[in-house]
Amino acid sequence: MGSGTWSIQRRSSFNTESSSDNDSTQETGCLSIIVLGASGDLAKKKTFPALFNLYRQGFLQPSEVHIFGYARTKISDDDLRNRIRGYLIHGKDASPHHSDTVSNFLQLIKYVSGSYDTEEGFKLLDKEISEHESSKKSLDGSSRRLFYLALPPSVYPSVCRMIWQFCMNKSDLGGWTRVVVEKPFGKDLYSAEQLSAQIGELFDEPQIYRIDHYLGKELVQNMLVLRFANRFFLPLWNRDNIDNIQIVFREDFGTEGRGGYFDEYGIIRDIIQNHLLQVLCLVAMEKPVSLKPEHIRDEKVKVLQSVLPIKDEEVVLGQYEGYRDDPTVPDNSNTPTFASVVLRIHNERWEGVPFILKAGKALNSRKAEIRVQFKDVPGDIFKCQKQGRNEFVIRLQPSEAIYMKLTVKQPGLDMSTVQSELDLSYGQRYQGVPIPEAYERLILDTIRGDQQHFVRRDELKAAWEIFTPLLHRIDDGELKPIPYKPGSRGPVEADELQAKAGYVQTHGYIWIPPTL
């Protein structure tokens, strides 16, 4: 393969051994993927398209897999297929070959209607799955059943109990039953622990996959490679060289019809407590003993347990003007649509380094990034500190990129300096290589039994312990969000907090994604 050529290998099968240390049984039985909540938006927009992309890349073989949709809506197999079809065919993909691939994939889907808390529907679902397994001549106990709960967390306990009572697969011949649950995993420490206990009564931890789609993003998955496979980062990645770290999520639109749902949770529960905190763990963790999932997750838990209690003066909350105009949002809503929170990690590597986690809706741009700002150069003989500090930036979305902002000589006869960058923009460097959607990776990891990119129970508990006191004060009305205009940067107080924490804004430099 030439140095300028990149390609993706087509996989003929997903049959792999479990990544568990003690499980060396080769998986040979057929696979049933059951999407509960199949008629909902999450399933149509994310779950089924991810399954389709795995299918067309060869990871889901029609000779091995069947997909079942389950929901309360009374529709036929073809009704569900027609609902999904529009999310699998886009303008640029509407070739005859692609349409045939979509049609072949949809034939793998069967729909079962039933309630989420009564046995009749789940007995029927088990009957349909068992008939599929019999048709594939799978040995009893060798088949694999993956249940994807594209459902509100309120029904997780009843659905998990129904699965446990009526739809479990025997696991004595390499088969398994695994359950994927979507966030939010509770609303605070108590509710999260209650939910974990209810599911934990029925399934062992290796069977539970708490999905956080941020852990499936290409640039997030690159974090450990960047940190631990590159020598020059090793001596720099600490309190001696790094002044502050920002982890930022910005959207340029509001709640857009989800006001009622969003108001129940707010920006901290929706984005910061899970997505951004998971990214923080990867940025701050120590090198794991190995790449085994438990070794990586052990190090993430250590980071969370080292986070100091959040101080009120290091929190800025905001709510964009017009948020309460949504008829599904209460007129007196105290729910923040913007939050900037400074976390501090009490350990040898990060003592004194602020981690600024910031997320907001209806802002002036859309992006998610990690921004590592280094300290000033001592003895600045070029008098260039006012131009800005060195920064290492990982842009998670959109326009995925990794770039390092540094000071260089301005071309010309004068000895003047200017800010520039070393830039790895994925769209330019890896032309023609599609970046997989996060859900594709994570579903494939679930099939393979790899829990590295999923949240463990003690990890979830430690995350909620950090934010629950702050969330309760917001819920009780003790902390109020500051109004800000849609299309702005958010409350000016957030910029002031950022400066107080030590971040130095670069003026006159803007990173521009390179054009192809």
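Modeller: A salt bridge is a side-chain nitrogen of Lys or Arg within 4 Å of a carboxyl oxygen of Asp or Glu. In this predicted model, Glu294, Arg297, Asp298, Arg456 and Asp458 are linked in a network of such bridges.

Biologist: How many salt bridges does a search of the whole structure find?

Modeller: The search finds 32 salt bridges.

Biologist: Why is the contact between arginine 441 and glutamate 218 called a salt bridge?

Modeller: The closest N and O atoms of arginine 441 and glutamate 218 are 2.0 Å apart. The cut-off is 4 Å, so the pair qualifies as a salt bridge. Arginine 441 belongs to helix H12 (residues 438–448) and glutamate 218 to helix H7 (residues 218–221), so the bridge ties together parts that are 223 residues apart in sequence.

Biologist: What makes arginine 441 count as buried?

Modeller: Arginine 441 has 16% relative accessibility. Buried means under 20%, and therefore arginine 441 is classed as buried. Its partner, glutamate 218, has 24% relative accessibility and counts as partly exposed, because that class lies between the 20% and 50% limits.

Biologist: How do you know that arginine 389 and aspartate 243 form a salt bridge?

Modeller: Their side chains meet at 3.3 Å, N to O. That value is within 4 Å, so the term applies. The pair links distant parts of the chain, 146 residues apart: arginine 389 is in the loop between strand S11 (367–374) and strand S12 (391–397), and aspartate 243 is in strand S7 (residues 242–250). Both arginine 389 and aspartate 243 are buried.

Biologist: Which parts does the salt bridge between aspartate 475 and arginine 269 tie together?

Modeller: The two side chains meet at 2.7 Å, N to O. Aspartate 475 lies in helix H13 (residues 457–475) and arginine 269 in helix H9 (residues 259–284), so the bridge joins parts that are 206 residues apart in sequence. Aspartate 475, at 47% relative accessibility, counts as partly exposed, whereas arginine 269, at 5%, counts as buried.

Biologist: Why is cysteine 30 not counted in a disulfide with cysteine 167?

Modeller: The closest cysteine sulfur to that of cysteine 30 is in cysteine 167, 14 Å away. A disulfide requires sulfur atoms within 2.5 Å, so the two are too far apart for a bond. The search of the whole structure finds 0 disulfides.

Biologist: Are cysteine 30 and cysteine 281 buried or exposed?

Modeller: Cysteine 30 has 4% relative accessibility and cysteine 281 has 0%. Each value is under 20%, so both residues count as buried.

Terms used. Residues numbered from 1 in each chain as written. Predicted model: local features only at pLDDT ≥ 70, side-chain atom pairs only at ≥ 80, totals over all residues. Heavy atoms only, no water. Helix = DSSP H or I, 4+ residues; strand = E, 2+ residues; numbered from the N terminus. Buried < 20%, exposed > 50% of the residue type's maximum accessible area, 1.4 Å probe, protein only.
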